[in-house]
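Here's a quick briefing for anyone opening this structure for the first time. Take a look at it, then read on.

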Amino acid sequence: MTPILTAEQRKFIQSYLEEYGTSRKLLRLESYENQFLGGAPYSEPDIDILSEAPFARAKMYGVRHFILSIKNGDEKLFLYYRYVKGEPMERCAELLGVSERSVYRLQTRALTTAYNLLSSAQ
């Protein structure tokens with residue numbers, strides 16, 4: 001049986017995986033600024049969103065590569081749907097063909113596997 005993560009460990013791995021969605025939003029903002037505003041006409045001097053775009057793309061690549069490196073297919077698919085595609089838990093259950101109760105158990109296993117894999121890599 002897989003040991004259960006502490007709240008701190010769970011928060012750590014979730015925040016790592018959620019970086020994908022945050023980076024995707026940043027890139028959408030960059031695209032919007034370029035398309036409709038011709039860049040960032042009134043950005044603050046210490047915050048330049050455009051300079052963050054390469055870093056955001058690198059984070060997205062890192063998270064996606066990390067998820068795809070997980071061996072268990074159900075866990076990999078859950079993490080992909082949840083954190084890369086941004087699907088809600090109910091939709092993840094539907095896509096994976098499991099009950100909502102089962103998808104929450106799968107989330108616990110997937111986050112534990114991801115945490116252990118990330119911890120061993122560091």
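## A charged trio

In this predicted model, the side chains of Arg91 and Glu87 come together in a salt bridge, at 4.0 Å from N to O. Arg91 also pairs with Glu94, this time at 2.7 Å, N to O. That links Glu87, Arg91 and Glu94 into a network of salt bridges, and the structure holds 2 salt bridges in total.

**More on the salt bridges**

- Side chains of opposite charge can pair when their charged atoms come close.
- Arg91 and Glu94 are separated by about one helical turn, because they sit 3 residues apart in helix H4.
- How exposed is Glu94? With a relative accessible area of 57%, Glu94 is exposed.
- Arg91 is partly exposed at 31% relative accessible area, and Glu87 is partly exposed too, at 22%.

**The overall layout**

- The chain has 5 helices and 0 strands, so the pattern along the sequence reads α-α-α-α-α.
- Of the 122 residues in the chain, 32% are buried.
- Take the contacts in the chain with a separation of 6 or more: residues 24 or more positions apart account for 63% of them.
- About 8000 Å² of the chain is exposed, and carbon and sulfur atoms supply 53% of that area.

**Helix H4, from the inside**

- Which residues of helix H4 (residues 89-96) are buried? They are Met89, Cys92, Ala93 and Leu96.
- These residues are on the same side of H4, because they cover an arc of only 100 degrees around the axis.
- An α-helix has 3.6 residues a turn, so residues three or four places apart point the same way.
- What do the buried residues of H4 pack against? Their partners are helix H3 (73-84) and helix H5 (100-121).
- Right after H4 comes Gly97, with a positive phi near 70 degrees.

**The nonpolar core**

- In soluble globular proteins, nonpolar side chains tend to be buried together.
- Here the largest nonpolar core has 29 residues, and the ones with the most contacts inside it are Ile13, Leu17, Phe66, Ile67, Phe78 and Leu79.
- The elements giving two or more residues to this core are helix H1 (7-37), helix H2 (49-68), H3, H4 and H5.
- H5 gives the largest share of this core, 7 residues.
- Leu17 is worth a click: beyond four places in sequence, Leu17 touches Val63, Phe66, Ile67, Leu79, Tyr83 and Leu111.

**Three stops along helix H1**

- Phe12 is found in helix H1 and is partly exposed, with a relative accessible area of 37%.
- Leaving out residues up to four places away in sequence, Phe12 touches Tyr115, Leu118 and Gln122.
- How far apart are Phe12 and Tyr115? They are 103 residues apart in sequence, but 8.2 Å apart in space, C-alpha to C-alpha.
- Ser23, another residue of helix H1, counts as buried at 2% relative accessibility, because buried means under 20%.
- Not counting neighbours within four places in sequence, Ser23 is in contact with Ala56, Lys59 and Met60.
- Phe36 lies in helix H1 as well, and Phe36 counts as exposed at 52% relative accessibility.

**A nonpolar patch on the surface**

- Phe36 joins Leu29 and Tyr32 in a nonpolar patch on the surface.
- Together, Leu29, Tyr32 and Phe36 have about 310 Å² of accessible area.

Technical notes
Residues are numbered from 1 along each chain as its sequence is written. This is a predicted model: local features need pLDDT of at least 70, side-chain atom pairs count only at pLDDT 80 or more; totals for chains, interfaces and linings use all residues. Side-chain values use heavy atoms; hydrogens and water are left out. Buried means under 20% relative accessible area, exposed over 50%, partly exposed in between (1.4 Å probe, protein chains only). Helices (H or I, at least four residues) and strands (E, at least two) are DSSP runs, numbered from the N terminus. The arc is that of the directions from the helix axis to the C-beta atoms. Contact means heavy atoms within 4.5 Å. Accessible areas come from the Shrake-Rupley method with a 1.4 Å probe; for residues, only the protein chains shown count as cover. A nonpolar core is a set of buried Ala, Val, Leu, Ile, Met, Phe, Trp, Tyr and Cys residues joined through side-chain atoms within 4.5 Å. Patches are made of residues with over 30% relative accessible area and no salt bridge: like charges are joined within 9 Å, nonpolar side chains (Val, Leu, Ile, Met, Phe, Trp, Tyr) within 5 Å.
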